[in-house]
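Thanks for coming. I will go through one structure today, starting with a term and then moving from a loop to the helices. Please have a look at the screen.

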Amino acid sequence: MKCKLFLAEGFEELEAVTLINLLRRAEFQVDTVSISDKREVAGSKGITIVADRVFAKENFSDTDFILLPGGMPGVKNLSEKKELLSLIKDFNDKKKHIGAICAAPYVLECAGILKGRKATSYPGWKEKMPSASYSEDAVVVDGNIITSRGVGTAIDMALKIVDIIKGTENKEKLKKEIVYK
C-alpha cells in the first residue's frame with residue numbers, strides 16, 4: 001500500500017507523525033510530500049520536517065492512499081493548492097483511499113467530494129463542511145474516505161486504516177506493539 005501524506009506550512013505535527021509512524025509500523029509505504037517547492041516544511045508548533053518529495057516533481061499514478069493532516073495555517077494552504085484539489089477529485093473518482101484529520105476534511109469539501117458523504121472534523125469546522133453528513137464520532141468511514149477529529153484521535157484513525165486495508169489481526173498486532181488500550 002503506497003501512501004502519500006501531504007505537508008503544508010503550518011501542518012499539525014503530531015497528527016502527521018502519528019499517521020506516518022503507525023502506518024509504517026504496519027508496513028505501509030508512506031512518503032511525505034511538500035506542497036511547496038522546498039522539502040523543509042514547518043509545522044504549526046515550529047517543528048520542521050524534511051519531506052521525502054515535493055509535489056511538482058511527484059508522480060501519483062502508483063499511489064493508493066492520500067493523507068492530509070490538519071493544523072493551521074496548514075489546512076488553508078492545502079485548500080488553496082489547486083493541483084492537490086484536482087488530485088483529490090481524481091482519487092475519489094477512482095475510489096482510491098483518502099484520509100483527512102482535524103480541520104483537513106475541509107480540504108475535501110473544497111475539492112467537492114463530501115456531498116452527502118459522512119465525515120467528521122475538528123470541533124468548530126462543521127459549518128465549513130455544509131455538503132457533508134456530519135458526525136462527531138472519533139473516526140468516520142464513508143466508502144473510500146476516512147476522516148477523524150484531531151490529535152487525540154490520530155492513533156484511532158491509523159488503527160482504522162490498518163483494519164480496513166490489512167485486517168483486524170494486523171490492527172490488533174499494532175495495538176499490542178504500541179501498548180494501546
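When I say that two residues are in contact, I mean that they have heavy atoms within 4.5 Å. Keep in mind that this is a predicted model.

I begin with Lys81. Lys81 sits in the loop that runs between α2, residues 74-79, and α3, residues 82-93. Which residues does Lys81 touch, leaving aside its neighbours within four places in sequence? They are Ile35 and Phe55. With Ile35 there is a short distance to note: a polar atom of the Lys81 side chain lies 3.0 Å from the backbone oxygen of Ile35. Is Lys81 buried or exposed? Its relative accessibility is 19%, and the cut-off for buried is under 20%, so Lys81 counts as buried.

Now helix α1. It covers residues 13-25, which makes 13 residues. At 1.5 Å a residue the helix should span 18 Å, and its end C-alpha atoms are 18 Å apart, so the two values agree. At the N-terminal end, Glu12 acts as the cap: one of its side-chain oxygens is 3.1 Å from the backbone nitrogen of Leu14. After the helix comes Glu27, with a positive phi near 70°.

Which residues of α1 are buried? They are Glu13, Glu15, Ala16, Thr18, Leu19, Ile20, Leu22 and Leu23. On spacing, a general point: an α-helix has 3.6 residues a turn, so residues three or four places apart point the same way. As for what covers the buried residues of α1, the list includes the strands β1 (2-7), β2 (29-34), β6 (65-68) and β7 (97-101). It also includes the helices α5 (154-166) and α6 (168-177).

The loop residue Gly43 belongs with this end of α1. Gly43 is in the loop between β3 (40-42) and β4 (48-50). Its C-alpha is 5.9 Å from that of Glu12, although the two residues are 31 apart in sequence. Beyond four places in sequence, Gly43 contacts Gly10, Phe11 and Glu13. Gly43 has a relative accessible area of 11%, so it is buried.

Next, α5. This helix has 13 residues, and from its first C-alpha to its last it reaches 18 Å, close to the 18 Å expected at 1.5 Å a residue. Its buried residues are Ala154, Met157, Ala158, Leu159, Ile161, Val162 and Asp163. Among the elements covering them are α1, β10 (139-142), β11 (145-148) and α6. Just after α5, Gly167 has a positive phi of about 95°.

How do α1 and α5 pack? The angle is about 35°, with the axes 9 Å apart, and the crossing is right-handed. On the α1 side the residues are Glu15, Thr18, Leu19, Leu22 and Leu23; on the α5 side they are Ala154, Ile155, Met157, Ala158, Ile161 and Val162. By class, that contact has nine nonpolar residues, one polar and one charged.

The other packing of α5 is with α6. Here the axes come within 7 Å and cross at roughly 145°, and α5 again passes in a right-handed crossing. From α5, Leu159, Val162, Asp163 and Lys166 take part, and they meet Thr168, Asn170, Lys171, Leu174 and Lys175 in α6. This contact has three nonpolar, two polar and four charged residues. Val162 is listed on the α5 side in both packings.

Last, some backbone geometry in the loops. A cis peptide bond joins Met72 and Pro73, with omega of about 10°. Pro73 is in the loop between β6 and α2.

Two residues other than glycine have a positive phi that I want to point out. Lys95, in the loop between α3 and β7, has phi near 60°. With 60% relative accessibility, Lys95 counts as exposed. Cys102, in the loop between β7 and α4 (105-110), has a positive phi of about 70°. Cys102 is buried, because its relative accessible area is 10%.

That is what I have for today.

Technical notes: Residues numbered from 1 in each chain as written. Predicted model: local features only at pLDDT ≥ 70, side-chain atom pairs only at ≥ 80, totals over all residues. Heavy atoms only, no water. Helix = DSSP H or I, 4+ residues; strand = E, 2+ residues; numbered from the N terminus. Expected span 1.5 Å × (residues − 1). Buried < 20%, exposed > 50% of the residue type's maximum accessible area, 1.4 Å probe, protein only. Polar contact = N/O pair within 3.5 Å; in protein donor to acceptor, adjacent residues only side chain to side chain. Axes fitted to C-alpha atoms, helices over the stretch in contact; angles between N-to-C directions. Left-handed = near helix turned anticlockwise from the far one by under 90°. Nonpolar A, V, L, I, M, F, W, Y, C, P; charged D, E, K, R; others polar.
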